[in-house]
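Reader: I am new to reading structures. Please take one place where two helices meet and go through it slowly.

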Amino acid sequence: MNILDVRGLTIQGTDRRVLVDDISLTIAPGERLGLIGESGSGKSLTALALLGLLPEGMAAAGSVELAGTQVVGASDRQLTGVRGRDAAIVFQEPLTALDPLMRVGRQVAEPLGTRRRLRGSALKRAVVAALEQVRLPEPERIARSFPHEISGGQRQRVALAMALACDPKLLIADEPTTALDVSVQAEMLDLIDTLVRERDMAVLFISHDLAVVAKVTDRALVMKDGRAVEEGDIREIVRAPRAPYTKALVDSARTLESALDLRSPR
Amino acid sequence: MSRPSTRHSATLIAGCVTAGLIALLALVSLLWVPYAPDDTSGGRLAGPGGGHLLGTDKLGRDLFTQLMTGSRIAFEAGLGSVLIAAAIGITLGVLAAFTRGWLDDTLAALLDILIAFPTLLLAMLVVAARSATLASAVLAIGLAQSAVVGRLVRILVKRVLAQDYITAARTSGTSWPRIVAGHVLPNIWPTLVVNLALQFGLAILAEAGLSYLGLGAPPPNASWGRMLQEAQATFTTAPAGALAPGILLVMLVIGVNLIADGLRDTLDPAARGRR
């Protein structure tokens with residue numbers, strides 16, 4: 001059975017404009033799917049709709065089955081059980097993903113406390129372990145820090161630790177490396193790659209960057225203006241793109257790469 | 001960034017000292033006042049000195065005694081109004097921020113209507129329905145201010161709710177009450193507490209205005225507003241009776257506003273990261 005089964009997902013904005021149009025996708029357990037598209041193509045909205053977290057005024061139609069639960073039309077109460085346990089999300093902006101006024105340790109403790117019912121010293125140990133597993137140095141010190149006292153890359157690792165805290169079956173990563181420096185970006189990608197492989201976790205990886213998606217996923221769906229324009233094996237897409245938009249994406253990525261080739265001394 | 005932060009604390013200290021002096025007067029008045037409030041033995045309109053620090057009013061009552069009780073009443077009015085405004089305003093604001101559709105629109109419109117309603121008119125209504133006491137005045141001011149607080153809280157909460165960390169908390173299964181207590185209230189608190197400090201100053205001014213019109217605390221409880229009104233006719237011959245409460249009123253309101261400014265700079269979460 002698929003962990004995620006989306007059929008004809010359509011999202012309408014407050015002004016009844018169709019923002020996401022008839023998207024269908026499936027993710028099998030342990031599978032890694034990339035969602036590629038430019039800003040405003042509806043990929044982030046799609047991600048939020050999967051957990052029933054659309055902003056006020058937006059309406060989703062169609063069918064989203066997450067680990068057997070129908071998300072579209074479900075109440076907040078019904079979804080509380082699904083979120084975190086079946087799927088968790090990492091956001092693009094590491095600064096807004098953490099509460100600026102709460103110590104990092106307490107924020108990581110939140111899902112552990114509500115989901116795993118850990119308390120006291122057991123909770124403290126679990127927090128340190130969660131921070132350790134995302135390769136954060138000095139986890140005890142980081143747990144005592146406020147978000148503004150640690151770097152952007154560290155914040156993003158904390159956000160990842162929070163998402164992974166309850167061992168979800170599906171990790172939704174919404175441009176998790178876009179706001180980071182290129183060098184930190186590569187480390188973060190490696191980390192996500194290793195962690196989800198270790199856990200045999202399914203991933204929905206959202207990015208506008210074809211190269212980033214190609215690195216961590218097996219399959220990809222290309223979106224433009226709220227519609228799916230192409231879907232398939234990521235190697236196939238890179239090797240022989242069919243849709244004009246995908247062709248343009250691949251070409252621009254190649255142009256950058258050849259610029260590097262020209263510059264590098266042989 | 002050391003210079004701005006020292007200036008910030010200077011604002012806060014100046015405000016605390018100014019308002020603190022008057023708070024001290026108010027506290028002492030609870031235990032001791034030079035004369036009983038209805039003691040008219042001093043002779044009418046006596047000048048400063050001679051047993052009466054600031055002289056007496058047209059009925060022969062000691063002005064300094066009235067000033068001390070007046071400061072106590074000013075603090076009672078300020079604290080009472082702000083407590084009522086905070087209790088009602090925060091509850092309504094948080095509710096309005098969480099509701100959607102027509103209910104949100106209705107609550108928002110209700111708050112706007114309440115803001116458009118003049119405080120004085122509302123106060124007269126409350127006083128007419130109850131009686132002219134300090135409690136009526138405080139209730140009226142608190143109700144009027146709760147609309148201002150409520151509207152502010154609604155906007156602040158809505159802004160916090162749109163942040164990713166709220167979505168993250170919802171994803172991790174944290175319940176709404178815990179999200180409000182753990183994430184929303186702490187994040188709106190810095191802005192809210194500054195606004196409440198400003199409301200405190202406004203409430204004191206409003207109470208003085210109501211007492212001036214005879215809608216505040218009845219005699220023998222001296223309120224600065226009533227002292228101003230009573231001294232009005234004799235201002236040219238005995239100016240101390242109007243000057244003293246006037247100066248204290250201005251001092252207290254400025255002091256409270258300085259505290260609000262100082263708090264804004266020390267509590268601002270954006271400024272915290274830089275220090």
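**Two helices of chain B**

Author: H7(B) and H8(B) cross in a right-handed way. This is a predicted model. Helix H7 covers residues 176–212 of chain B and helix H8 covers residues 224–231 of chain B; their axes come within 6 Å and cross at roughly 40 degrees. An angle under 35 degrees would count as roughly parallel and one of 65 to 115 as roughly perpendicular, so H7(B) and H8(B) are classed as oblique to each other.

Next, the residues that touch. H7(B) contributes Ala208(B), Ser211(B) and Tyr212(B), and H8(B) contributes Gly225(B), Arg226(B), Leu228(B) and Gln229(B). Sorted by character, the residues of this contact are three nonpolar, three polar and one charged. In an α-helix, residues three or four places apart point the same way, because there are 3.6 residues a turn.

H8(B) is mostly covered, with six of its eight residues buried. Those buried are Trp224(B), Gly225(B), Arg226(B), Met227(B), Glu230(B) and Ala231(B). Gly225(B) and Arg226(B) are buried and also take part in the contact with H7(B).

The UniProt record helps to place this pair in chain B. Its unreviewed entry lists "transmembrane region" for several stretches, including residues 192–215 and 235–260 of chain B. Over residues 235–260 the chain is 81% helix and 0% strand, and the end C-alpha atoms are 33 Å apart. Another listed stretch is 134–153; there the chain is 100% helix and 0% strand, with its end C-alpha atoms 27 Å apart.

Key: Residues numbered from 1 in each chain as written. Chains lettered and ligands numbered in written order. Predicted model: local features only at pLDDT ≥ 70, side-chain atom pairs only at ≥ 80, totals over all residues. Heavy atoms only, no water. Axes fitted to C-alpha atoms, helices over the stretch in contact; angles between N-to-C directions. Helix = DSSP H or I, 4+ residues; strand = E, 2+ residues; numbered from the N terminus. Parallel < 35°, antiparallel > 145°, perpendicular 65-115°, else oblique. Left-handed = near helix turned anticlockwise from the far one by under 90°. Contact = heavy atoms within 4.5 Å. Nonpolar A, V, L, I, M, F, W, Y, C, P; charged D, E, K, R; others polar. Buried < 20%, exposed > 50% of the residue type's maximum accessible area, 1.4 Å probe, protein only. UniProt positions renumbered as here; feature names shortened; annotations may be inferred.
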